[in-house]
Amino acid sequence: MGGSEPKSLRSRREKLGEFVRTARKDRDMSQARLGRLIRGSQAKINRIERGLTGTKIDDLRAIVTALGITSDTAAEMEALAAATPRQRTWRGAIPQHVRRYLEAEREAALIRGVHGDRIPGVLQSEQYMFRQAGIRSPAQITDRIRARLERKQLFDLAGGPRFQYLLSESSVRRRVHGSVAVALDQIDELLRIDERYPDVSIHVLPFDADIDFLPGDFTLLDFADSGRNFVYVELLGRSVEPSSTAEFTRYRHQWDKLSQAALGRADSRVFLTDLYKELDSGS
């Protein structure tokens, strides 16, 4: 059961669960029986096999013993279980409803986001991040910023996803808490990303774009396996993830219309450069 190294927390858990499920079925053992053998429960084995929870090393070793798994396979399973804590740098800082999206990002082939009044986290400058953190404690601010900077590593990931962003003029003009300095820092960060990363395409949707209105923010995630495609729509304190083919197609058509009305990549860079000069001059 080799193959490429899984990149996200979710995929590592799912691969570990696949090892357990395959070994259990090879021995014609029920989840309930395995649960009793490790002094756990059928529900616990079910969660492990579906990749819905992390697995403690002690529990994993009990599973390996109960199923008679070979030492080589057991070592691979332990490596998967031990790798999962790396993601905890952001787990405490990021709300639960955002985590599935973050865990799926690394495995997507294409990520397309529409943002009406706020710069998305992965594109935010450090000053913008601090202002967005508001009045949280210093520890929370540090965790939140570390998490967002960690996400930026996706842009350097070999074989990683391509990114396309549609940003409304409102989002790039916005002075967070009235700060021109933050707005300038954010525009500079967008220009830096555009110049450095060819697979990250930033497009501005100006106020005079030929559209009826700008809908709420949404992000399309396309995977090599189209059956995994889904839409991420973040709301206040929660999110919805329409995943049916019909829903995904509806949002994709909305994306297509907005994309046609947005400025091209080169024109967007000119727009941002001119806006920087405008704000910097105080006009």
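**Exercise 1. Ser171**

Task: Decide whether Ser171 is buried or exposed, and find what surrounds the residue.

Solution: Ser171 is buried, because its relative accessibility is 1% and buried means under 20% relative accessible area, exposed over 50% and partly exposed in between, with a 1.4 Å probe and protein chains only. The model is predicted, so local features need pLDDT of at least 70 and side-chain atom pairs pLDDT 80 or more, while totals for chains, interfaces and linings use all residues. Residues are numbered from 1 along each chain as its sequence is written, and side-chain values use heavy atoms, without hydrogens and water.

Next, locate the residue: Ser171 sits in helix α10, residues 169–173 (helices are DSSP runs of H or I with at least four residues, strands E runs of at least two, numbered from the N terminus). Then take its side chain, which reaches the backbone oxygen of Ser168 at 2.7 Å. Last, beyond four places in sequence, Ser171 touches His115, Gly116, Asp117, Arg118 and Ile119 (contact: heavy atoms within 4.5 Å).

**Exercise 2. Two residues with positive phi**

Task: Where do Asp28 and His177 lie, and are they buried or exposed?

Solution: Start with Asp28, whose phi is near 55 degrees, a positive value in a residue other than glycine. Asp28 belongs to the loop between α1 (9–26) and α2 (31–37). With a relative accessible area of 73%, Asp28 is exposed.

Turn to His177, which is not glycine and has a positive phi near 55 degrees. The loop between α10 and α11 holds His177. Its relative accessibility is 63%, so His177 counts as exposed.

**Exercise 3. The nonpolar cores**

Task: Which elements supply the largest nonpolar core, and what does Leu123 contact?

Solution: The largest nonpolar core (buried Ala, Val, Leu, Ile, Met, Phe, Trp, Tyr and Cys residues joined through side-chain atoms within 4.5 Å) has 35 residues, and Leu123, Val200 and Leu221 have the most contacts inside it. At least two residues of this core come from each of α7 (96–105), β2 (162–168), α11, β3 (200–205), β5 (230–235) and α13. The largest share is that of α11, with 7 residues.

A separate core has 18 residues, including Leu16, Val20, Ala74 and Ala81.

Now consider Leu123. Beyond four places in sequence, its contacts include Phe155, Tyr165, Leu167, Leu190, Ile193, Val200 and Ile202. Lys152, Gln186 and Glu189 are also in contact with Leu123.

**Exercise 4. The cavity**

Task: How many cavities of 30 Å³ or more does the structure hold, and which residues line the largest cavity?

Solution: The search of the whole structure gives 1 cavity of 30 Å³ or more (a set of points on a 1 Å grid where a 1.4 Å probe fits but cannot get out; lining residues have an atom within 4 Å of a point). The largest cavity contains about 40 Å³ of space. Its lining consists of Leu190, Leu191, Asp194, Ile202, Arg265, Ser268, Arg269 and Leu272.

By element, α11 (180–196) and α13 (265–281) each contribute at least two lining residues, and α13 gives the most, with 4.

**Exercise 5. The whole chain**

Task: What is the secondary structure of the protein chain, and what percentage of its residues is buried?

Solution: The chain has 13 helices and 6 strands. Of its 283 residues, 46% are buried. Among contacts with a separation of 6 or more, 73% join residues 24 or more positions apart.

Key: 1 Å grid on protein atoms, 1.4 Å probe; cavity = no way out; pocket = protein on both sides within 12 Å on 5 of 7 lines; lining within 4 Å. Points joined across faces, edges and corners; volume = space filled by probe spheres on them. Polar contact = N/O pair within 3.5 Å; in protein donor to acceptor, adjacent residues only side chain to side chain.
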